[in-house]
Amino acid sequence: MSTPPDAPAAHTPPIGPTEGWNLTRRGWTVLSSSLLVMGLLVLGLFVPVPYVSLGPGPTYDTLGDVEGVQVVSVNGTETFPTSGQLRMTTVSVQDDVSMFEAVARWVSGRYALAPREEYFKPGVTEEEVQEQNSKLFQDSQSNAEIAALRYLKYPMKVIAQSITSGAPADKVLVPGDRLLVVNGKPIAAAEDVRAALAGTTPGQAVAVTFQREGQEKSGTITLGKATDFGASDRPEGFMGLESGERPDVTFKTSITLADVGGPSAGLMFALAIVDRLTRGDLGDGAVIAGTGEITAQGKVDAIGGIPFKMISAHEAGATTFLVPADNCAEAKENAPDGLRLVKVENLEGAVRALDDLKAKRDVPSC
């Protein structure tokens with residue numbers, strides 16, 4: 001049958017602007033899942049987690065050089081040849097770690113994660129953290145020199161290490177002045193300064209004899225009250241200076257090592273100074289590594305990150321690792337195979353242990 005001539009012709013209705021993009025439920029599910037995965041990938045790859053990554057850091061031979069510059073050098077006096085290596089060890093701390101990096105490092109077993117705020121305190125900038133670590137490193141160098149020369153029986157002098165601004169001592173002394181006599185008492189050690197003020201009272205005048213730029217001078221300091229200058233309360237009069245000891249020698253010891261912070265290299269620096277200034281050879285051709293903060297009196301204190309430092313030492317070829325006594329339990333649990341652990345409590349004990357190793361005698365171990 002034919003269509004009547006005046007009947008409207010059949011036609012396809014026009015497509016609206018969005019009707020061609022209609023998705024099935026399955027399509028929407030696939031699209032949503034894809035967007036979610038992409039979002040997680042972006043988060044995992046680029047958004048840092050609130051943790052830092054801790055791992056093995058570089059090691060440095062304190063008897064060697066870095067880029068042609070000796071790490072530990074002594075100039076102006078006789079030094080003696082050395083062999084072997086005395087390697088200080090470090091921990092690598094990486095900030096801005098993404099989620100995927102954090103998981104990968106943790107799974108590897110070579111790294112650990114720690115809350116970021118333990119290393120970067122809230123309100124403290126990274127620059128301030130670096131400045132603090134640099135200050136600790138400088139202090140470790142100073143303590144290492146003092147401890148080494150004290151062990152070698154070089155004479156010491158007591159200086160005004162720092163002076164509180166506006167305090168009584170600030171009117172007479174400057175940092176670096178050598179203290180000879182305070183309140184009639186000879187000064188031979190840093191603690192003698194505080195002892196010389198025993199029994200004094202605020203407002204009392206005490207005489208001081210000191211040396212500045214090689215010239216002996218004298219002055220009078222009227223003692224103040226400690227709490228007036230932000231110090232803790234104390235019964236005796238207050239001068240407002242921190243005393244410290246320095247070797248009284250004409251030669252110069254220098255420690256040069258960039259981009260390293262913290263106090264834990266002190267022991268290995270001190271051993272290098274001792275080795276350069278004495279006959280014999282502490283390393284004896286071997287690769288010795290170690291760690292430990294050192295005081296000016298030569299005591300070796302515990303440090304952090306020893307499992308990572310032992311990994312670095314082992315990979316650098318060390319066969320012996322010097323361990324602060326208080327780190328022995330942790331070190332023993334994490335020591336790589338083939339790395340001998342030697343327990344040390346002070347610089348004298350560390351030198352003796354290395355001499356005993358050369359002579360194949362028993363040494364304290366963890």
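This report walks through the overall build, the pockets, the nonpolar cores and one buried serine of a predicted model.

## The big picture

Let's start with the whole thing. The protein has 366 residues, and buried ones make up 40% of them. Its secondary structure comes to eight helices and 18 strands.

How much of the contact network joins residues far apart in the sequence? If you take the contacts between residues at least 6 apart in sequence, 70% of them join residues at least 24 apart.

## The largest pocket

Now look for the open space. The largest pocket holds about 1200 Å³. It is lined by 39 residues, and Val91, Val93, Asn133, Gly261 and Gly262 are the closest to its centre.

Which parts of the chain build this lining? At least two residues each come from β1 (51–61), β5 (85–94), α3 (126–151) and α6 (306–315). Helix α3 gives the largest share, with 10 residues. Sorted by type, the lining has 18 nonpolar, 15 polar and six charged residues.

## The second largest pocket

Next comes the second largest pocket, with a volume of about 360 Å³. Its lining has 17 residues, and the ones closest to the centre are Asn143, Gln161, Glu242, Gly244 and Arg246.

Helix α3 turns up again here: α3 and β12 (241–247) each supply at least two lining residues, and α3 gives the most, with seven. As for the mix, you'll find three nonpolar, seven polar and seven charged residues in this lining.

## The nonpolar cores

Time to look inside. In soluble globular proteins, nonpolar side chains tend to be buried together. In this model, the largest nonpolar core has 44 residues, and Leu267, Phe269, Leu271, Leu322 and Leu347 have the most contacts inside it. Several elements chip in at least two residues each: β4 (72–75), β5, α3, α5 (266–277), β18 (340–344) and α8 (347–358). The largest share, nine residues, is from α5.

Leu322 is a good residue to click on. Leaving aside residues up to four places away in sequence, Leu322 touches Leu267, Met268, Leu271, Ile288, Ala289, Gly290, Thr291, Val342, Val344 and Leu354. Apart from this core there is another one, made of 18 residues that include Leu179, Ile187, Val193 and Val208.

## Ser264 and helix α6

Let's zoom in on one serine. Ser264 sits in the loop between β13 (252–255) and α5. Is Ser264 buried or exposed? Its relative accessible area is 13%, and buried means under 20%, so Ser264 counts as buried.

What does Ser264 touch, not counting residues up to four places away in sequence? The list is Thr89, Thr291, Gly292, Glu293, Ile303 and Lys309. With Lys309 there is also a polar contact between the two side chains, at 2.8 Å.

Lys309 takes us to α6, as it is one of the buried residues of that helix. The others on the buried list are Ile306, Pro307, Phe308, Met310, Ser312 and Ala313. Why can we call α6 largely enclosed by the rest of the structure? Because seven of its 10 residues are buried. After α6 comes Gly317, which has a positive phi, near 95°.

Notes
Residues numbered from 1 in each chain as written. Predicted model: local features only at pLDDT ≥ 70, side-chain atom pairs only at ≥ 80, totals over all residues. Heavy atoms only, no water. 1 Å grid on protein atoms, 1.4 Å probe; cavity = no way out; pocket = protein on both sides within 12 Å on 5 of 7 lines; lining within 4 Å. Points joined across faces, edges and corners; volume = space filled by probe spheres on them. Helix = DSSP H or I, 4+ residues; strand = E, 2+ residues; numbered from the N terminus. Nonpolar A, V, L, I, M, F, W, Y, C, P; charged D, E, K, R; others polar. Core = buried A, V, L, I, M, F, W, Y, C linked by side-chain atoms within 4.5 Å. Buried < 20%, exposed > 50% of the residue type's maximum accessible area, 1.4 Å probe, protein only. Contact = heavy atoms within 4.5 Å. Polar contact = N/O pair within 3.5 Å; in protein donor to acceptor, adjacent residues only side chain to side chain.
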